[in-house]
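Q: Could you take a close look at one helix pair for me? I would like to see how the two pack, and then how that part sits in its chain.

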Amino acid sequence: MDDLNALRDELLAAIESADSTAALETLRVSALGRKGTVTGLLKGLGQVDPEQRRARGQAVNALKEAASAAIDAKMAALADSALESRLAAESVDVTLPARPLPEGRLHPISQTLDEIVAIFGEMGYSVAEGPDIEDDFHNFTALNIPPEHPARQMFDTFYLPERPDGSRMVLRTHTSPVQIRAMQAISGGKANGLPLRIIAPGRTYRCDSDMTHTPMFHQVEGLIVDRTTHMGHLKGCLIEFVRAYFELPDVPVRFRPSYFPFTEPSAELDIGCDRSGGELKIGAGDDWLEILGCGMVHPNVLAACGIDPAEYQGFAFGMGIERIAMLKYGIPDLRTFFDADLRWLKHYGFVPLEVPTLFRGLTP
Amino acid sequence: MKFTLSWLKDHLETDAPLDAITDALTALGLEVEEVHDPAKDLAAFTVGYVVEAKPHPNADKLRVCIVDTGSEEIQVVCGAPNARTGMKGVFAPAGTHIPGTGMDLKKGVIRGQESNGMLCSEREMGLSDEHQGIIELPEDAPVGAPFAKIIGLDDPVIEIAITPNRGDCLGVRGVARDLAAAGIGTLKPFTAAEPVAPSFESTIQWRREFPKGAEGACPMVVGRTFRGLVNGPSPDWMQRRLLAIGLRPISALVDITNYVTFDLGRPLHVFDAAKLEGGALTMRFAHAGETILALDGKEYTLDDGMTCIADGAGVHGIAGVMGGEVTGCTADTTECFLEVALFDPIRTAATGRKLRIESDARYRFERSVDPESALWGAEVAARLVLDCCGGEASDLSIAGEMPETAREVKLRADRVKTLGGVDMPVKEQRGILEALGFTTRESKGAIVATTPSWRPDVTLEACLVEEVLRVKGFDAIPAVPLQRDSALPERILTLGQRRESFARKVLAGRGMLEAVTWSFMAEDQAALFGGVPAELHLENPISADLTVMRPSTLPNLLAAAGRNADRGYPDLGLFEVGPAWRDDTPEGEDIVAAGLRTGNSGPRHWAEAPRAVDAFDAKADALAVLAACGAPAGNVQVSRDAPGWYHPGRSGALRLGPNVLAWFGEIHPRILRAMGVKGPVAGFEIFLHRIPKPRAKGGKTRALLRPSPFQPVGRDFAFVVDAEVPAESLSRAARSAEKGLISEVSVFDVYAGEGVGEGKKSVAVAVVLQPQDRTLTDEDIEKVSAAIIAAVQKQTGGTLRG
């Protein structure tokens, strides 16, 4: 049996020292192949003395299995090390920049508008619309601003050319004409359209341009008409709006008497701010900042829309969207809103991930 | 509207502190814009007594002074020639900010002598340019007293914003009345209105000459003649007040007219009587083309809609707007004629607007002046003229009649509660109205208020509610939460509004930046985009490059892309969802989602090079928006008829039959050149409102998904077709071969050139076969392949590439 032990040592040593899968394969053939040494021993068992045959048979088979297992193990080891050296060779500089994908942004006006809609939507307002090019009736007369009313001078109106009938269309100077359209739509058709609760965002235009005015800007209008809404509701609604929008639950709010032709009584709403240190901060402070105008709908406005002011009443408000966007997000210059400067849009724009809601949070 | 605290106290008996007064003003709707207290700026400056002034040991022109500040004696080195022992001057301790120099005063040693403060000149105090010597104060000035008080600069100036409805508060007295109503003191009696005894008959008379029916242009005018006047400077107190509110004192007569304008909201004018002809002045409409040299030194040409004041020689005043230069009062005036008139607010406003004259008189007349002031104004003015200029006053010349202004307005007892939200006793409501000058009585559960002559703005019950509420204070209105009708919020956006939002999110999600650009643009650029009808040209554009309503959003985005490229950012994607106009009707306003991509698809990168943007970028953007907005994406057809601002060979329309949903493509190089923008630029315009509305039937339920258990099989085909055959018709042909089995046909290669022949191209498509009921056999696949080849051959003339 010594010959088997010698062969075993020789074979295992050769397997161990094989340095490639090809060499291993050669070894496998020379030992375990059809004409291999071990195979030869198995074939030669017939000539062995029957008394020893059994024991020798077992020994040769053990040798065969040992060689086979050693070859498989070595094969796996070689494959592992081959993989490792391949991986080592194909490593990359992972500090290199990833492939670029441009990131889009929403304009702050869109974001602000979505936030406004989210808040007023919770209060039961729906969103109404009207055209940017308005007639004199909707923009002025129906809003209790007859042709020679001095208040017309409050608006620097853009005019379109006179028509053959002498009328002139205007670029709406405020979103208030949408109030008129909304009320007309109700009074003309089903009277059960009341109560009415709308907001109307949109582009507005004034012939004015300086550091704090642009010829186009955005407003959002609000209107409630029913039988019972009074100034207490106006205060309640707008205080809640302001606190929700600025996400400052205790921002001070002040209502001040003011004048608008289309509301009576009229008010302006100020919020508390702090200007010390040259920087404007919304919230507690000993200064006030005007952010919107409001009031009870003027009886003449209701009447102009075919709604009986003896029976119905309500409130209206309007505010500049850019202005409250600037205040909330700290955007310093109104004029930059319309410049489409890529750097500005990327910096002040919003990731289009979700629509603002009160329950998930407004500004991401 | 500006006034000083002491001026206010001429009309208001109060000891309320300044803060309480300004808070009350704002709460009343007379919003305080600014309070300037000159005493605060000068607080550090006090009266100093020069105990001793001796020559500086080391400097000829300097003196070393020991100054008694009232609390201690301090050494000050002073260079003024008039610094001397025993004088009183203005002392500033070290650390004081010196307004005239803008510097903070420091302690120092001047040529070996300590100096711990300063004796100030007028220039150093910022009061004048006088710097010859230091200010000398009267001997009786109390040492240590604030300097501001000594010179009468301790009168805070209050500036308030007056809303257009409150003409009555364009005089200090009106402001005082509001404050008194709000509980800040008591309104003093109006004694200045008592009649002045005339000493002679007026030598000049007022006349009114208006066409019948137009007398309202000047319902009433009152005047009187003064003689024996000396028109010197007005008294100090008047000058100080005028200066404090920013008016330059001129002469007593002129200052009086200005003073009464601001004190009582009653504009006046005085003519030099010696310069008037014919013993009469007439209120009339101007003759078109009449001219007047006005007090501002400019000549104005009037039209026949303007009221003027004229004598036989010509026009001497533009009614309610400005007087004439020729007949104005000067230092030599000894006789003058007073004008106290009422003018139609609307006509006055129109005149001022046409002539572009802003004046204190116009400002008040167009907001309406108290009609009763026509009479009392003549008395107030007379008293001041006699006081300031001496002489004597004539009787009154009156033309026209005082218009009736009193109205009765009813205020239901509960209306302040039901409209204003505040439960207030009727007595309190009446008290407020009475304090504002209304007379009130009660009738059938309502207050009947008669308006005072100075409140033409109060016409309705709601106006009275406002009066009561603003005096009570809006803070008194309890805030009531707004209740929603339903437990959960309802859907509040229209389909159109949601689509605008979808479009924004999709495009931003595709890496584009949302812009908001002007709704208007330059006419010449608009012409490149189909032009603009005359009705969309602005009459009064704000600038030459914003003259017409935009027919398309693309030009403004292109201009923006150009600006960004000029700043060094040539590669970008911009979009805007907003209006574009076809005409001036509401239906002519389209909501368009437009966008463009310029330059390269991205920055240079080590792993992969960017490519130039092209029509297929724009097509992908447009299709993505259409899909998000619910357009039936599978049915959208592509045609080659985009408008002329697109590249004619690299653009298309996305349509459903005749309904064009969008245009896309590369922008025409000629347009880019005209707009100064470097290409390539690929853009799109999507007409959101043209996307069909989803069918109402079926609700939100989706068709049941039936995934096939059998594996799909892919086969590729390359066809040679004529070059002009659209790839889409080839795909359609292939798909039509066996609709139930072919689930997808996509073009993966297009080749023209060697091997396919002149005027031909090879189009390779990948076809996916998706069996539903069994595994496909080779035979099945062969059969379908043959059908595909036949269909393509039949519909496009294409042959399988060998």
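A: Here is a walk through the helix pair, followed by its chain.

This is a predicted model, in which local features need pLDDT of at least 70, side-chain atom pairs count only at pLDDT 80 or more, and totals for chains, interfaces and linings use all residues. Residues are numbered from 1 along each chain as its sequence is written, while chains are lettered from A and ligands numbered from 1 in the order in which they are written.

In chain A, helix H5 (residues 108–122) packs against helix H10 (residues 321–329) at an angle of about 95 degrees, and their axes are 10 Å apart. Axes here are lines fitted to C-alpha atoms over the stretch in contact, and angles run from 0 to 180 degrees between N-to-C directions. Helices are DSSP runs of H or I with at least four residues, strands are runs of E with at least two, and both are numbered from the N terminus. The angle therefore makes H5(A) roughly perpendicular to H10(A), a label for 65 to 115 degrees.

H5(A) brings A:Pro108, A:Ile109, A:Thr112 and A:Leu113 to the contact, and H10(A) brings A:Ile321, A:Glu322, A:Ile324, A:Ala325 and A:Tyr329. Being in contact means that C-beta atoms, placed from the backbone, lie within 7 Å. These residues divide into 7 nonpolar, 1 polar and 1 charged; Ala, Val, Leu, Ile, Met, Phe, Trp, Tyr, Cys and Pro count as nonpolar, Asp, Glu, Lys and Arg as charged, and the others, Gly among them, as polar.

Now for the chain around the pair. Chain A has 11 helices and 11 strands, and its C-alpha trace spans about 135 × 50 × 50 Å along its principal axes.

Terms used:
Angles under 35 degrees count as roughly parallel, over 145 as roughly antiparallel, 65 to 115 as roughly perpendicular and the rest as oblique. Two residues are in contact if their C-beta atoms, placed from the backbone, lie within 7 Å.
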